[in-house]
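Please look over the sequence and the model shown here before reading on. The paragraphs that follow begin with a term and then lead through the fold, one region after another.

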Amino acid sequence: MSDVQQPLKALLKRNYEFLVEEFMVPLYLDAMYSRDIVSSQEKDDLATIPGRSKQTRTFLDSLLRKGESKIKAFLEVVKSAPDKQPHIYTVLMSSDGHGGFNLDAEVTEVQLLKVGETAGSKWFEIGAYLGTAMTVLEDISDRHRDNSHRLVDVLHRWHDQKGQEASVRNLVDACTEANMGVAVLKALE
């Protein structure tokens, strides 16, 4: 069967490298076992593989051989556990696998403003996760009354400091740490 006839398999192939970088197999092993995605032996074997990348590649290679029904069950497991890695399901389910944007690209002005509007309430946490000094965060707090403006200020400073290294991925990771990853990914779509 071709990938056109197996859309979930194509979805995993398209996002293979993203999953290798981001997906943490141990967080989901019990749920995948209970849904019969992995056998008891596979669960034990995966748990003993050293290195997250190798472990994820082994799991994905096995899952791709199992077919659409197991891939669908896998996606349901990831969706039902938003407290673990909330951005994984959102990225997988976006139109092209990355929400129409390149996770490794430098963040744009429009994206900074969208994140500011969406995640303003968590401006302080996001700033801290991006490495903004406490004294700078206090200064920003004094200068702006509105949290969205505070976050936009934080993001502009971060972008100015990092330049091309200010990637969408780094921004989403910081927002995920502040429990705003899914909301931010949706805003960026």
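Two residues are said to be in contact, or to touch, when they have heavy atoms within 4.5 Å of each other. What is shown is a predicted model, in which local features need pLDDT of at least 70 and side-chain atom pairs count only at pLDDT 80 or more, while totals for chains, interfaces and linings use all residues. Residues are numbered from 1 along each chain as its sequence is written, and side-chain values use heavy atoms, with hydrogens and water left out.

The protein chain has 13 helices and zero strands, where helices (H or I, at least four residues) and strands (E, at least two) are DSSP runs numbered from the N terminus. Of its 189 residues, 44% count as buried; buried stands for a relative accessible area under 20%, exposed for one over 50%, and partly exposed for what lies in between, with a 1.4 Å probe and protein chains only. Among the contacts of the protein chain with a separation of 6 or more, 71% come from residues 24 or more positions apart.

A good place to enter the fold is Glu-22, which lies in helix α2. Is this residue buried or exposed? With a relative accessibility of 12%, Glu-22 counts as buried. Not counting residues up to four places away in sequence, Glu-22 touches Arg-52, Gln-85, His-87, Ile-88, Arg-169 and Asp-173.

One of these neighbours, Arg-169, forms a salt bridge with Glu-22, and the closest N and O atoms are 2.9 Å apart; a salt bridge here is a side-chain nitrogen of Lys or Arg within 4 Å of a carboxyl oxygen of Asp or Glu. The pair links distant parts of the chain, since Arg-169 is in helix α12 and Glu-22 in helix α2, 147 residues apart. Arg-169 also meets the side chain of Glu-21 in a salt bridge, at 3.6 Å from N to O. This second pair again links distant parts of the chain, with Glu-21 in helix α2 (residues 16–22) and Arg-169 in helix α12 (residues 168–177), 148 residues apart. Glu-21 has a relative accessible area of 40% and is therefore partly exposed, whereas Arg-169, with 12%, is buried.

How many salt bridges does a search of the whole structure find? The search finds 11. Another of them joins the side chains of Asp-139 and Arg-143, at 2.7 Å from N to O. Both residues lie in helix α10 (residues 134–143), four residues apart, which is about one turn of the helix. Asp-139 is partly exposed, because its relative accessible area is 35%, and Arg-143 is likewise partly exposed, with a relative accessible area of 47%. Salt bridges that share partners join Asp-139, Arg-143, Asp-153 and Arg-157 into one network.

Asp-153 appears again in the surroundings of His-144, a residue of the loop between α10 and α11 (147–162). Leaving aside neighbours within four places in sequence, His-144 is in contact with His-149, Arg-150 and Asp-153. His-144 has a relative accessible area of 22%, so this residue is partly exposed.

The next region is where two helices meet. Helix α5 (residues 52–66) and helix α6 (residues 68–79) pack at an angle of about 130°, with their axes 6 Å apart; the axes are lines fitted to C-alpha atoms, for helices over the stretch in contact, and the angles run from 0 to 180 degrees between N-to-C directions. Phe-59, Leu-63, Leu-64 and Lys-66 of α5 make the contact with Glu-68, Lys-70, Ile-71 and Phe-74 of α6.

Phe-74 leads on to the aromatic residues, where the structure holds five aromatic pairs. Rings of Phe, Tyr and Trp (its six-membered ring) pair if their centres lie within 6.5 Å, and planes under 30 degrees apart count as stacked, over 60 as edge-to-face and the rest as tilted. The rings of Phe-23 and Phe-74 have centres 5.4 Å apart and planes at 75°, so this pair is edge-to-face. Phe-23 lies in the loop between α2 and α3 (29–34) and Phe-74 in helix α6, 51 residues apart, and the pair thus links distant parts of the chain. Both Phe-23 and Phe-74 are buried. Ring pairs link Phe-23, Tyr-28, Phe-59 and Phe-74 into a cluster.
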